[in-house]
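Q: I have a structure open on my screen and would like to learn how to read it feature by feature. Could you walk me through it?

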Amino acid sequence: MAVETCPEEYLEVSPFRHGVSLNPISFGPRYGVIVDDFEKAEISHFFKVVERKKGNYVKAAGKYACFYQEIENDDVAGNGPKALEYLRSKAKVVSPFYQEDFSSSVSGHDGSVIIKYSAKLDL
């Protein structure tokens, strides 16, 4: 678990749809999902980081609690609720919860990726 100070970021956000596969070809190098309601812990939106003029959503600047996890590609979609529970057990955070896929393969670990989980600290 870490705390990072993040600048304001611009995202292109679209509603979550089942059956859509996120990947760097269609979403760019930084993309992921958003959970708006901590109690439901369900994905509500897709996002990709974009230039200011292309964004329809602003990820506020501030201090964020975050952690990175190596996870099997097949387990990424179902791990969000457990990751949110873990983050909330370690820090007082406010929604939304971001799950960012770095589309990075882990050397020597076929099928593994690195995921960043984060939410803004409630200061």
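A: Happily! Keep in mind that this is a predicted model. Let's begin with strand pairing: in strand 4, the residue opposite Glu12 is Lys48. That contact belongs to the pairing of strand 2 with strand 4, which is antiparallel and has six bridges.

Q: Which residue of strand 3 stands opposite Lys48 in strand 4?

A: Tyr31 does. Strand 3 runs antiparallel to strand 4 (residues 45-50), and four bridges join the two.

Q: How do I think about the side chains along such strands?

A: In a regular strand, side chains alternate between the two faces of the sheet. For this structure, I would look next at how covered a strand is. Five of the five residues of strand 3 (residues 31-35) are buried, so this strand is largely enclosed by the rest of the structure.

Q: Which strand pairs with strand 5, and over how many bridges?

A: Strand 2 pairs with strand 5 (residues 57-59) in the antiparallel sense, over three bridges. Within that pairing, Val58 of strand 5 is the bridge partner of Tyr10.

Q: Is Tyr10 buried or exposed?

A: Tyr10, a residue of strand 2, has a relative accessible area of 15%. The cut-off for buried is under 20%, so Tyr10 is buried.

Q: Let's turn to charges. What is the general idea behind a salt bridge?

A: Side chains of opposite charge can pair when their charged atoms come close. Searching the whole structure gives seven salt bridges. One of them joins Glu9 and Arg30, whose closest N and O atoms are 2.7 Å apart. Glu9 is in strand 2 (residues 9-15) and Arg30 is in the loop between helix 1 (24-27) and strand 3, so this pair ties together parts 21 residues apart in sequence.

Q: Which other residue forms a salt bridge with Arg30?

A: Glu100 does, with an N to O distance of 2.6 Å. This pair, too, links distant parts of the chain: Arg30 sits in the loop between helix 1 and strand 3, while Glu100 is in strand 7 (residues 93-106), 70 residues apart.

Q: How accessible are Glu9, Arg30 and Glu100?

A: Glu9 counts as buried at 16% relative accessibility, and Glu100 counts as buried at 4%. Arg30 has 29% and counts as partly exposed.

Q: Which residues are linked with Glu9 in a network of salt bridges?

A: Arg30, Lys59 and Glu100 are linked with Glu9 in that network. When you select these residues in your viewer, show their side chains together.

Q: Where can I find another salt bridge to practise on?

A: Try Lys92 and Asp122, whose side chains meet in a salt bridge at 3.8 Å, N to O. Lys92 lies in the loop between helix 2 and strand 7, and Asp122 in the segment after strand 8 (109-121), 30 residues apart. Lys92 is exposed at 61% relative accessibility, whereas Asp122 is partly exposed at 36%.

Q: Which residues gather in a patch of negative charge on the surface?

A: They are Glu70, Glu72, Asp74 and Asp75. Take Asp74 as an example: its place is in the loop between strand 6 (62-72) and helix 2 (76-90). Asp74 has a relative accessible area of 75% and is exposed.

Q: How do I compare distance along the chain with distance in space?

A: Pick two C-alpha atoms and look at both separations. Val113 and Asn73 are 40 residues apart along the chain, with 6.0 Å between their C-alpha atoms. Val113 is in strand 8 and counts as buried at 9% relative accessibility. For Tyr10 and Glu70, 60 residues apart along the chain, the C-alpha separation is 26 Å.

Q: Last topic: what should I look for in the backbone itself?

A: Most residues other than glycine have a negative phi, and most peptide bonds are trans. Two places here are worth a look. Ala41 has a positive phi, near 50°, and is located in the loop between strand 3 and strand 4. Ser95 and Pro96 are joined by a cis peptide bond, with omega about 5°, and Pro96 lies in strand 7.

Key. Residues numbered from 1 in each chain as written. Predicted model: local features only at pLDDT ≥ 70, side-chain atom pairs only at ≥ 80, totals over all residues. Heavy atoms only, no water. Buried < 20%, exposed > 50% of the residue type's maximum accessible area, 1.4 Å probe, protein only. Pairing = 2+ DSSP bridges. Patch = residues over 30% accessible without salt bridge, like charges linked within 9 Å, V, L, I, M, F, W, Y side chains within 5 Å. Areas by Shrake-Rupley, 256 points an atom, 1.4 Å probe, with all protein chains shown as cover. Salt bridge = Lys/Arg side-chain N within 4 Å of Asp/Glu carboxyl O. Lys, Arg positive; Asp, Glu negative; His and termini not counted. Charge placed at Lys NZ, Arg CZ, Asp CG, Glu CD.
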